[in-house]
Each structure stands twice: as C-alpha cells, then as structure tokens.
Amino acid sequence: MITTILAAGGTAAAENQFGLQQALEEGGIISQSVFTILVLMSVVSFYILFSKLFEQQKIMNQAKRMRAGFWSSNSLREGSAKLDKNSAYKQLVDDGLAAQDQHAQLTDPVEAHDWLHGSLARSEAAINSKLGGGLAFLATVGATAPFIGLFGTVVGIYRALIKIGASGDPSIDKVAGPVGEALIMTALGLVVAVPAVLAYNWLQRRNKSIAEDLSAFSNDVLGFLASNGKVRPNVGNTATTKAPVKPAGTTATAGQAGGVQTRA
C-alpha cells in the first residue's frame, strides 16, 4: 500500500509541469531578478516589523516603571536615577535638567519656559524619529511590490508568447501553462506587499500612542522645572478615597428620635 501511495505521488509530481521553478525558467534572468528582489523585500520587512515591535514594547515597559515610582521622588535627579539607563523617559528628564543648567549660563535673556520647552521638544522629536526609523521602507514595499511582481509577470508572458509563436502551436494547452506561470510573479508581489502595509499601519498606530505618552510626560517635566517642583502630577491613589462615614451612634439616635415622634 505504501508503495502504491509513493508511486501515485511520484506520478503526480511528474505530471506537474508548471510551478514557481518553471516560471522562473520561463521568465529568464529578469524574472529571477524580480523574484530575488521580492524575497529580499519580504525578509527586510519582517525584520523591521519584529525589531520595531521589540523596541516599542521596551518603551512601553519603561513607561510602566516610570509611572510606578518616578513622581514619588523628591527631585527630578532622584527620579532620573530610578529609571533605566537607556530609558527614553530618562533621556527627557536629563535633557530637561541640562537645559535648566544651560539657561543659567545664557548671556542673552531668554524666557526660561521657552528655553526648556524647546529643549524638551527636541529631545521628544529625537525619540520619535528613532521609533519611526524603517517605517518608510515598509511603506515603499507596500507601494511598489505589486508593480515589481507585475513587471515580472509581463516579462514572463512576453517570453512565453514568443516561444509559443516560434513553435507554431498556439493551442490552449500550450498557452495556458506558460501564461499561468508568469502570473505567479504578480501573486508574489501581493504576498510581499500586503504584510508590509499591515505592519506599517500597526507600527504607526503604536508609535502614535507612545508619542502621546512622551508628550504628556514632557509637559509634566516642564511644569516641574518651571515651578521649582511645586507643580507635579497627582500620584495619589484616588481609588482609596472614600466619603466620611457617619458614626454609628448618631444613626441610632436619629432612629430613636424618629420612633418617639411616631408614637406621639
């Protein structure tokens, strides 16, 4: 029985005369080059996707640790020491403190608020620019991969039709196979482009969320610096705040008074 199954599989493989390998052979060096380019684009796209996901998750974890204990510190320098060495939030704090020290050395009078705001904005923009690195490649892949695959298809069909015309046998069985092989290149282009577009949109949305958190933290740092530490986010746990409870004795007395009036 096993011999019969293997024999049937070998016969089916022998009868399959059309596939990716045949398409590459039919298209020649151009189709082979297009296939190589698409494969490289796909590999780089997935590398960017996973590396950016790792980088984004790292900053999100830094945000959780920042919220856990940064604003409970007595000063920004003390809070900065609690953050990770390569934390994006530590970079914002250190740049803000450096800008404060630099402002004291300026000979041309500049508003402290403007100077601090500009320094924090530059630091925030640098972090966002690093997060956006590589996304332009994903957008390029999503926009161009289908057309690159289509180019391979056109070349493959052209070569197939030339070969069919030279053979003098324009029957459907001679035309359908080579033309179908060439269409594989268009399918490959779509397979490369669709994941790149989805990855680009997803990473952009996550970057936007991170940028909003960084902007809020930057404003908090600016308020702290501009007020000499008097203005800071409320880190108290409001969930534990409850309305004052009336003493039990007061309730009992009210009940007794009500009872007396009823009897009256």
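A residue is taken as buried under 20% relative accessible area, as exposed over 50%, and as partly exposed in between. The structure examined here is a predicted model, and the charged pairs described below were placed on this scale of accessibility.

A search of the whole structure finds 5 salt bridges. In one of them, Asp84 is paired with Arg65, with a separation of 2.5 Å between the closest N and O atoms. Because Asp84 lies in the loop between α3 (76-82) and α4 whereas Arg65 belongs to helix α2, this pair ties together parts that are 19 residues apart in sequence. Asp84 has a relative accessible area of 30% and is therefore partly exposed, and Arg65, with a value of 44%, is likewise classed as partly exposed.

A further salt bridge joins the side chains of Asp213 and Arg67, at 3.5 Å from N to O. Since Asp213 is located in helix α7 (residues 172-226) and Arg67 in helix α2, the parts tied together by this pair are 146 residues apart in sequence. Asp213 counts as partly exposed, because its relative accessibility is 32%.

Within helix α4, a salt bridge is formed between Lys90 and Asp94, whose closest N and O atoms are 3.8 Å apart. Both residues lie in this helix with a spacing of 4 residues, which corresponds to about one turn. The two partners fall into separate accessibility classes: Lys90, at 18%, counts as buried, whereas Asp94, with a relative accessible area of 31%, is partly exposed.

Helix α4, which spans residues 88-103, also contains Ala99. This alanine has a relative accessibility of 1% and therefore counts as buried. When residues up to four places away in sequence are not counted, Ala99 touches Trp115, Leu116 and Ser119. The C-alpha atoms of Ala99 and Leu120 are 8.3 Å apart in space, the two residues being separated by 21 residues in sequence.

At the surface, Ile29, Ile30 and Phe151 make up a nonpolar patch of about 300 Å². Of these residues, Ile30 is placed in helix α2, which runs over residues 20-69, and Ile30 is partly exposed because its relative accessible area amounts to 36%. Helix α2 thus contains Ile30 as well as Arg65, the partner of Asp84, and Arg67, the partner of Asp213.

Notes:
Residues are numbered from 1 along each chain as its sequence is written. This is a predicted model: local features need pLDDT of at least 70, side-chain atom pairs count only at pLDDT 80 or more; totals for chains, interfaces and linings use all residues. Side-chain values use heavy atoms; hydrogens and water are left out. Helices (H or I, at least four residues) and strands (E, at least two) are DSSP runs, numbered from the N terminus. Buried means under 20% relative accessible area, exposed over 50%, partly exposed in between (1.4 Å probe, protein chains only). Contact means heavy atoms within 4.5 Å. Patches are made of residues with over 30% relative accessible area and no salt bridge: like charges are joined within 9 Å, nonpolar side chains (Val, Leu, Ile, Met, Phe, Trp, Tyr) within 5 Å. Accessible areas come from the Shrake-Rupley method with a 1.4 Å probe; for residues, only the protein chains shown count as cover. A salt bridge is a side-chain nitrogen of Lys or Arg within 4 Å of a carboxyl oxygen of Asp or Glu.
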